[in-house]
Amino acid sequence: LLFAWYRVAGPNPMSIMEATPERMKDFAVTNEMMQALPQFEDDSLELAQSENRLYMVDYAHLKDLVDTGGKHLYAPKALFAVPKQGAKDLPLLPIAIQAGPDPDIFPVFTPKSHNISWLTAKTMVQVADAYTHEAMHHLGGCHFTMEIFLCSMRRSLAENHPIARLLAEHFTGTALINYLGVRALVSEGGTADRILAPSIEDTNQFIGDHVGDTNFLERIPEVDFKARGVMSSKLTYPYRDDALELFRIIENWVTGYLRSYYYSNNQVRDDKEVQQWMWELAEKGGIAGLPAKGELLQFKKLVEIVSLVIFTASAQHSAVNFPQWPMMGFCAAMPTAGYLPAPTLSNPFPWERDDADTSEPAYAAWISQVLPPLQHARSQLFVMKLLATMRFTKLGMYPKHTLDFSRPERRNAQRVFEQDLRKLENKIILRNRRERKRNLYPYTFLRPSYIPASTNI
């Protein structure tokens with residue numbers, strides 16, 4: 001149950017997607033595997049697909065990264081389903097895991113497989129998810145993307161420009177924490193080099209490719225969730241629910257604030273500083289999906305871009321940073337590298353061979369081969385606690401004199417912003433009480449009172 005919960009309420013809730021026939025074409029899972037599980041005895045893959053109850057994660061994007069130092073990174077696929085019986089908020093449950101992208105090479109495991117095989121297959125998914133989380137969504141998607149927006153803003157917008165004044169609080173500490181992170185984490189011999197499987201050069205290249213290849217506006221929560229096919233209410237998905245609400249609240253605030261400066265689309269078009277900012281982001285920063293210089297013509301599009309910057313710097317970073325300590329600090333729960341090669345059909349796990357020692361000491365020795373050694377576990381625990389137990393600044397709070405509230409419409413917009421954040425806070429608290437009754441880890445990472453205003457840790 002907790003393994004599936006990580007997909008919708010863990011450090012990386014951005015990989016789960018609808019398991020469409022096209023996405024499952026290289027996944028060798030069968031109805032027999034699904035129906036062998038007690039919760040799905042009278043179910044089928046086709047029925048679950050038709051009722052929007054079948055979901056998956058696919059880490060094929062990791063298949064070309066090279067392992068180093070006896071550490072292993074995997075590229076598995078995992079299938080999940082919502083049982084068809086009962087209420088809409090029945091939890092997501094795992095169905096099967098394929099150990100790699102090619103069904104002709106890699107075996108499939110289910111909860112009915114050998115208990116150590118199933119445990120190891122889940123660990124392989126956790127390793128792939130941890131790498132995807134850190135490289136793509138945390139470092140690339142938040143830290144380094146926000147630094148590009150910060151630097152281009154400083155080069156393009158005057159300090160007293162209304163957008164520069166609005167975003168100043170949302171960029172507080174970003175350049176400094178990135179400088180420290182590059183020196184201590186993503187450098188040769190740094191923590192990431194020690195606890196991730198690929199070389200630090202490959203990891204940095206992977207991060208850069210992700211930042212450059214991602215259409216920034218496709219990160220708008222509703223756009224992202226629709227593209228992944230995860231909008232169905234049958235899927236209990238607290239990250240989705242909270243992110244949609246937060247983006248709406250932030251967008252309403254940005255609309256109210258900027259409307260007092262831009263009365264028409266023409267004023268947006270004629271703002272040379274903003275047009276230069278778009279050019280800097282695309283041409284110098286490599287941010288994809290933004291209007292070209294002179295082509296930002298609509299107030300609505302400007303609001304979208306500024307809202308997504310604030311959402312990414314605050315809420316999105318909170319969603320990927322603060323789960324690291326409670327959900328990744330214990331290395332066995334989500335290791336950042338594996339220490340046993342992925343099994344293949346021709347080279348299965350050692351305990352599955354006909355001549356395998358099946359004694360209890362042998363099982364313990366095999367499990368110790370899968371998990372990282374003690375020094376790795378210590379490093380992972382230390383860095384996760386360091387990064388995820390400190391908070392500076394708070395979403396919705398702007399230092400005195402940062403913004404100009406001389407106009408009543410701006411004061412009203414801020415008042416509504418603060419009220420909306422408090423309402424969402426109470427809504428999340430009530431939902432989490434229900435999750436605790438179901439023995440699910442409460443999703444607190446997007447509670448507004450817990451969200452820093454910027455990417456500063």
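Helices here are DSSP runs of at least four residues, numbered from the N terminus. The model described is predicted.

Lys226 lies in helix 9, which covers residues 221-228. Its relative accessible area is 53%. Exposed means over 50%, so Lys226 counts as exposed. Along the chain, Lys226 and Met17 are 209 residues apart. In space, their C-alpha atoms are separated by 9.5 Å.

Helix 9 also contributes to the largest pocket. This pocket has a volume of about 760 Å³. Its lining comprises 30 residues. Closest to the pocket centre are Met14, Met136, His137, His210 and Asp224. Several helices take part in the lining. Helix 4, helix 8 (200-213), helix 9 and helix 13 (299-321) each supply at least two residues. Helix 9 gives the most, with six residues. By residue type, the lining of the largest pocket divides into twelve nonpolar, ten polar and eight charged residues.

Helix 4 runs over residues 115-156 and has 42 residues. At 1.5 Å a residue, helix 4 should span 62 Å. The C-alpha atoms at its ends are 58 Å apart, which agrees with that expectation. Helix 4 is bent, however: at Leu139 the bend is about 45°. Of the 42 residues of helix 4, 34 are buried. Helix 4 is therefore largely enclosed by the rest of the structure.

Notes. Residues numbered from 1 in each chain as written. Predicted model: local features only at pLDDT ≥ 70, side-chain atom pairs only at ≥ 80, totals over all residues. Heavy atoms only, no water. Expected span 1.5 Å × (residues − 1). Bend = angle between axes of the 7 residues up to and from the residue. Buried < 20%, exposed > 50% of the residue type's maximum accessible area, 1.4 Å probe, protein only. 1 Å grid on protein atoms, 1.4 Å probe; cavity = no way out; pocket = protein on both sides within 12 Å on 5 of 7 lines; lining within 4 Å. Points joined across faces, edges and corners; volume = space filled by probe spheres on them. Nonpolar A, V, L, I, M, F, W, Y, C, P; charged D, E, K, R; others polar.
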